[in-house]
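Colleague: Got a minute to go through this one with me? Pull it up and we'll talk.

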Protein chains: 4
Amino acid sequence: MRAAVRILLALVLLGAVSACAHVSDAQPAVSLDGKWNVFVTFANGSSAAEMTLTQTGNEVEGQSGPLDENRYFPLTLRGRRSATYVRLAVTRGTTFVGNITFNMETANSELLEGFGELYGVTVQVVAARTVVNTQAPAVHDYAPTTFFLQYSARHKPGLTVYPGDTVRTFTLDNEGRDKQLKYRGMPGNTLTGPIFVTGAMPGDTLVVKLNKVSLNRDVAHMASSGLDGRALLPGATQTRTPNWNRNWVLDRERGVARPETPTDNLANLELPLKPMIGSIGVAPMFNQALMAGDVAFHGGNMDYDRVTTGATLYFPVWTAGALLSLGDGHALQGDGEISGQGLETSLDVEFTVDLIKGDALSQVWLEDADYVMMTGIENGLDASLQRATTGMSQWLKKRYGLSDSEIALLLSASIEYDIAEIVDPRPNIVARIAKSTLAMLKPLN
Amino acid sequence: MRAAVRILLALVLLGAVSACAHVSDAQPAVSLDGKWNVFVTFANGSSAAEMTLTQTGNEVEGQSGPLDENRYFPLTLRGRRSATYVRLAVTRGTTFVGNITFNMETANSELLEGFGELYGVTVQVVAARTVVNTQAPAVHDYAPTTFFLQYSARHKPGLTVYPGDTVRTFTLDNEGRDKQLKYRGMPGNTLTGPIFVTGAMPGDTLVVKLNKVSLNRDVAHMASSGLDGRALLPGATQTRTPNWNRNWVLDRERGVARPETPTDNLANLELPLKPMIGSIGVAPMFNQALMAGDVAFHGGNMDYDRVTTGATLYFPVWTAGALLSLGDGHALQGDGEISGQGLETSLDVEFTVDLIKGDALSQVWLEDADYVMMTGIENGLDASLQRATTGMSQWLKKRYGLSDSEIALLLSASIEYDIAEIVDPRPNIVARIAKSTLAMLKPLN
Amino acid sequence: MRAAVRILLALVLLGAVSACAHVSDAQPAVSLDGKWNVFVTFANGSSAAEMTLTQTGNEVEGQSGPLDENRYFPLTLRGRRSATYVRLAVTRGTTFVGNITFNMETANSELLEGFGELYGVTVQVVAARTVVNTQAPAVHDYAPTTFFLQYSARHKPGLTVYPGDTVRTFTLDNEGRDKQLKYRGMPGNTLTGPIFVTGAMPGDTLVVKLNKVSLNRDVAHMASSGLDGRALLPGATQTRTPNWNRNWVLDRERGVARPETPTDNLANLELPLKPMIGSIGVAPMFNQALMAGDVAFHGGNMDYDRVTTGATLYFPVWTAGALLSLGDGHALQGDGEISGQGLETSLDVEFTVDLIKGDALSQVWLEDADYVMMTGIENGLDASLQRATTGMSQWLKKRYGLSDSEIALLLSASIEYDIAEIVDPRPNIVARIAKSTLAMLKPLN
Amino acid sequence: MRAAVRILLALVLLGAVSACAHVSDAQPAVSLDGKWNVFVTFANGSSAAEMTLTQTGNEVEGQSGPLDENRYFPLTLRGRRSATYVRLAVTRGTTFVGNITFNMETANSELLEGFGELYGVTVQVVAARTVVNTQAPAVHDYAPTTFFLQYSARHKPGLTVYPGDTVRTFTLDNEGRDKQLKYRGMPGNTLTGPIFVTGAMPGDTLVVKLNKVSLNRDVAHMASSGLDGRALLPGATQTRTPNWNRNWVLDRERGVARPETPTDNLANLELPLKPMIGSIGVAPMFNQALMAGDVAFHGGNMDYDRVTTGATLYFPVWTAGALLSLGDGHALQGDGEISGQGLETSLDVEFTVDLIKGDALSQVWLEDADYVMMTGIENGLDASLQRATTGMSQWLKKRYGLSDSEIALLLSASIEYDIAEIVDPRPNIVARIAKSTLAMLKPLN
């Protein structure tokens, strides 16, 4: 029962419930060939994947799930079609792991329903054709009323958009306060979203172009009165000043920030404003629910100061609809965010989403007018640098067809690294290569 | 006997042998008060330190060695002066570790000679007054004929200079070849130097202002055909192209470098020249001899691209004369030097040395027109970042008297990090703070 | 509406719905004083915490949430009681964050109901007195039918027990197969559980005594044909043998395991069986949902070979009921689990649960006949060792009142470290101290 | 002149100056074929290597230096022999780097003299046949009078032995004090040695069997009053007790150590004695001089408690004579040496040296009755574990001919790791495999 509700929900979210869904008699045989989006629902969870089927005579073959070995459901399907059913044996590698049966009596050209058993677990299955949006791109003015503290596939989307649409919205500060400093959500890098992007499926790439990231109030805070222990040598100690004044004035006209009630030593300090989004990402794989302050393959709390107006971000999709969320704005931030905070504030944000079918790297990357940038988020700075460099190498190979030695020459002579943050559960090192350098290379096709 | 020779050598190097050194009869009593440079020589080594003595009646007290607890000889001296001798008991903390006796019959206002036992080891001791150079700064055109592969106190200096002097010299490439591509030394970041700076003693700060770092030939090389394993994720593999063309053309007129015989994919690649000194440092503490390719508290193979024209470097001195060496020029280099090499070439270099008595940080720092920069060289990137940040915190405290909370606020909002290299035995992360930001602070006194 | 359902569910789970819950008229005034368990439910989540109230005249004061600064709800409550309501202002530190009102007309000695706003979010609140179990400890034969792939507070408990109860159950192997090698759940360290422990609240310590961990079939597998990249030097490569035989025979009579169809080189290899539980833990804080293969403060995939018969584990509780899960049995395992797998198999397990109110360390620890052991799970081995040593230091201070210098002396002379695993998202280093050494110390009170 | 002196010294040390060295006339032509030990001396250093020559007609070919690419002089020699000279061009890879000429007029069957230029540097060359010791193994009672603070090729050997000889000697404690607590050397893990092992050349393996490691006094000390910062989480602080009592009583009869004047809390503490050598190693490659407290490929301050009676250590040789030194005895030590010290004391030591020609691994390994053990000394624990595992993998491949997949299976199921120390400049993780497991494998040949 609950499963049925979920499936219906999934279809509604996909915008895929066509009027003819229940009309099946006296029709020509529904073709199985080609791509389907599959939703699998079971007692303790659900999963979404792409499925490709090919029918030859009555023999049906197919594959479900991205073929990347690190993804969850790389399954092979093999079986036969009868007048009323398609029965498919499911194998993972060489191991038989279950079967799925689609009911062809209720099928139509847009929708298959079925059931089966995978890994000993009873599942219900719905397969729908990929959504094609024929409408002009829309602009959504999205004023969220609920906010979340996690990147998670279980949260109900606050907005559904099509690829090509633009969203105008705002984010709360890290404590859940809006531009009037009013609490609107629980503290903890409170997130706007999630936003369901129709048609996005695991293995796809979600594109988010940040048209505008702007301050919407005149005050920020940096609550810490000391540096994070990870920024200092083992054994180094600090004397923290009690009741340390935490607020900063954001002088948007002059483009600078200054401490609200500075100590004598810092009386003249002013730093240039550079608004940025600290935390932005999609729902993580495997139905995980990760804190808004955590950071991983799905993005999240990347705390990188080039995530700002003019940047385009590319996220691997792990969940139907991608489920984009964002928050934790900073008026400015030093490298590494070494006190654990930037100048925390609320933001107004406008962005345009798009979708690239397939083509997902296993890590977030971005570009702006000057650079292509690859995040590296692993355990410790050494591993994070390795992840960023490896990702950049893969990107260069894919885009330009360079050999390993060509990549070594190019990167060794021109790579740049930023240490975005060291204080979230894992550090983020970003590898950059200048577009002026890339312009000297010939892209594939 | 050998010890005597060494002492003499030390004095010659110090430029401290005054004409009156052997005239001691019928003179007023030599004053012990004030600062001396002490040379201690023993069967298996030698050491240099500053010594301060105070005579009250016949009681003599003093201290030898920088008081920093990490330095080698923080010794306390206590004893009495007779007509012919000063006998001093030596303690380290509360532990008696030996005694020293100066012969006052041979003493003069510039020089004390003595002997003793420290830690059970027979030692000979010479103390000389600090050298004062009364001459105008000189310019030395230094064409080295021998080159070394190590930073070490045991190498014979190739040049002796005074603080304020300027040196014009050249460096070989990392394989020991000069601007005619002729081998002049063994390969291995072959070093020009060491240069003895008269008056430099352990605990002092050696200042090296790089007036000019310039290319002197039209070819460089980057020998590696792959990335260093430390730049890529564990398990990542590379196919290295055999006979990979290693040479680059340095087009000094147009200010760019290009591969000499590029592959098709890289046919249009040109990168801007940015000549820099890869390896520069002083003799390390404790009589260690460290490879020119190694990097530590003494500097060495820092591989940082801001070590170039206009930069001023500050080195802690560990050895009498400091013993500056330099080499491993790069025509340009990417962050991290991730193939293990930059564009390796020979250089012409002009620099001016100076000396700050005392005031040594335990790590190398530098400045140029735009930034104050602190190196961080430890095991792994996490620890190197900690070293750089801790050093910068100490520098800010010392220079501006900031509290820990003020430092946290300032750095968290404005620090910048560079990953200079990850391939030498230890990685080098440099923390930077803009001089435009520092200009808003009030320096102490 | 949904919130009401949730609250009811929470109360049922707590076993706290007493028969008199709706009888409130003509009774003496309900006392607020003392400890309550509080459940807070809101549009996008829920939270549980302890609350302590004190009434003085009509003034009511209290605190909610563990006082440990790293926990989520350390709130201060202050307000007044009227005939029908208790209205409490809520502050976090010095910041006003909302208010809560309890309806005293529906209150009884066991239960308060209320509503309010926290951080701008509408909440419903139920407070119940702590459950006291007056029954004899029970033994539960628990044959699970659904299995989960995550440690998460959102999963429906499969079993509810009281402190003191014993559970006999089984675990599937890492691929979801039982002792007949039949798939019973999705692959991925498939977990038995979660088990709801009545009365467990955030801040408490869940005690799990493993009475018996035993093999229940004659076959295990180790699927990898190579070592994990993190076990080998950067750049090291391996040639993996295709179709590598993965199965091992578990000879329970002779107590050894051997490869089922070994290569010639390994024809004589037999290793002693040492069955262990690879993954065991509680639901993580902040409503996170973490993979069964992940490992953190809540336990999880600790892969430590001393988690076996005779060991007692201590978990910090983050969620009402603690929600214990377990799986990923190994017939034996080398240090570090360096291929990513042990000898993976299903297990029969018997354990007794208990509860210590409060007293939670922020990391899992355990003991057996010979050792007290502290897990250390952080980013990289260096940090994991630091976490284990710091935890052990805190435990010694708490248990024996030792000073830092006494701890330094004791640990420096007698600590032992195990590298449990390096292949899960974070490595686990365990610090051990022998009970024979602890027996020389005097515990506090 | 100095070079000639050095060459003579080298020959004396080798024991290779035969009586007929200067008699060359009217003899049959000296054969060049086969192995020679080569000593190269130049203005700023010296180097030793093996050289193999083959004469075919007048054509002479050969190689000098271990062929391992990480070693210093892998040179190819090619040239012709005339009546009076052998002239050889020297190449490194495909690069011409110089030439060497041997004077055949002064040559004899044991000795060649020559000169040349390598890398633009004038060199003198002496080649001598490998020494064969025809005498019975000797026992040396070696009472050292000078002690060193470094592992270095420049120190004059205190004792010369042949392979097979046994040495009975003593070591000072880490502060330079002997068994009467008398200072005999400067503090800093003061080393006994170096000991020159006749015939040892770069690329060989030095074998040191520890027959006996025993305490020779009743007192030890552990000077630190706190844990090393690297043992605790970033930001953790300790209160150090001033004037902390540092001395321990070594009760050799009962086999236990106890604090000399314990605090009340530690009044009953006694820990079992387990004497061990903290620092033992050979002169490092490239003429480096490394501190006795440093640790690397050459051994040094490994601080591993299985380096004790019954252990046999295998060192790669980097210098003619290997130059073995040892010191830094501990009466006992916890894993990691986390305060920076064990129970520091002097020791009596008896060991037998042997030599395996060639066969050097690039890291120190050892064995005892129960285990084969591989040290792993790199930057940080992660890299050290990788080094230890990689070394063990190479050892298994070399000794048993196992494939990578066989090694993965074996190690994943049976490897054990010890964390020897984390406080020396680099940490040491030791990988162990039980001899009972190795006994199930078939060694090659």
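Colleague: Is strand E1 of chain D mostly buried or exposed?

Modeller: Keep in mind that this is a predicted model. In E1(D), residues 34–42, 7 of the 9 residues are buried, so the strand is largely enclosed by the rest of the structure.

Colleague: Which strands does E1(D) pair with?

Modeller: One is E2(D), residues 45–56, antiparallel over 9 bridges. Another is E8(D), residues 121–128, also antiparallel, over 6 bridges.

Colleague: Give me a register for each. What is the bridge partner of Val38(D) in E2(D)?

Modeller: Ala49(D). On the E8(D) side, Phe42(D) stands opposite Val123(D).

Colleague: Switching to helices. How many residues of H3(D) are buried?

Modeller: 11 of its 11, so to speak the helix from 404 to 414 is mostly covered. Among them are Ile407(D), Leu409(D), Leu410(D) and Leu411(D), but also Asp404(D) and Glu406(D).

Colleague: What do the buried residues of H3(D) pack against?

Modeller: Elements from two chains, C and D. Chain C brings strands E16 (247–251) and E18 (271–272). Chain D brings helices H2 (380–400) and H4 (435–438), plus strands E29 (416–421) and E30 (428–434).

Colleague: Over to chain C. What is the strand order in its 9-strand open sheet?

Modeller: E9-E12-E26-E14-E23-E27-E28-E30-E29, with mixed pairing. The edges are E9(C), residues 139–141, and E29(C), residues 416–421, each pairing on one side only. The twist averages 25° from one strand to the next.

Colleague: How do E23(C) and E27(C) pair?

Modeller: Antiparallel, over 3 bridges. Thr312(C) stands opposite Glu367(C) there.

Colleague: Which strands does H2(C) lie across?

Modeller: E27, E28, E29 and E30 of chain C. The helix runs at about 140° to E28(C).

Colleague: One single residue now. Is His140(B) buried or exposed?

Modeller: Buried: its relative accessible area is 17%, and the cut-off for buried is under 20%. His140(B) is found in strand E9 of chain B, residues 139–141. Leaving aside neighbours within four places in sequence, its contacts include Leu159(B), Val161(B), Asp165(B) and Arg168(B).

Colleague: Last topic, the copies. How is chain A laid on chain D?

Modeller: By a turn of 180° and a shift of 0.0 Å along the axis, with an RMSD of 0.1 Å. The two copies are thus related as by a two-fold rotation axis. In chain A, the C-alpha nearest that axis belongs to Pro234(A), 2.8 Å away.

Colleague: Why do you say the copies meet through the same surface?

Modeller: Because 100% of the interface residues of chain A are also interface residues in chain D.

Definitions and conventions:
Residues are numbered from 1 along each chain as its sequence is written. Chains are lettered from A and ligands numbered from 1 in the order in which they are written. This is a predicted model: local features need pLDDT of at least 70, side-chain atom pairs count only at pLDDT 80 or more; totals for chains, interfaces and linings use all residues. Side-chain values use heavy atoms; hydrogens and water are left out. Copies are superposed by least squares on the C-alpha atoms of residues with pLDDT of at least 70 in both. Contact means heavy atoms within 4.5 Å. Helices (H or I, at least four residues) and strands (E, at least two) are DSSP runs, numbered from the N terminus. Buried means under 20% relative accessible area, exposed over 50%, partly exposed in between (1.4 Å probe, protein chains only). Two strands pair if DSSP finds at least two bridges between them. Axes are lines fitted to C-alpha atoms, for helices over the stretch in contact, and angles run from 0 to 180 degrees between N-to-C directions.
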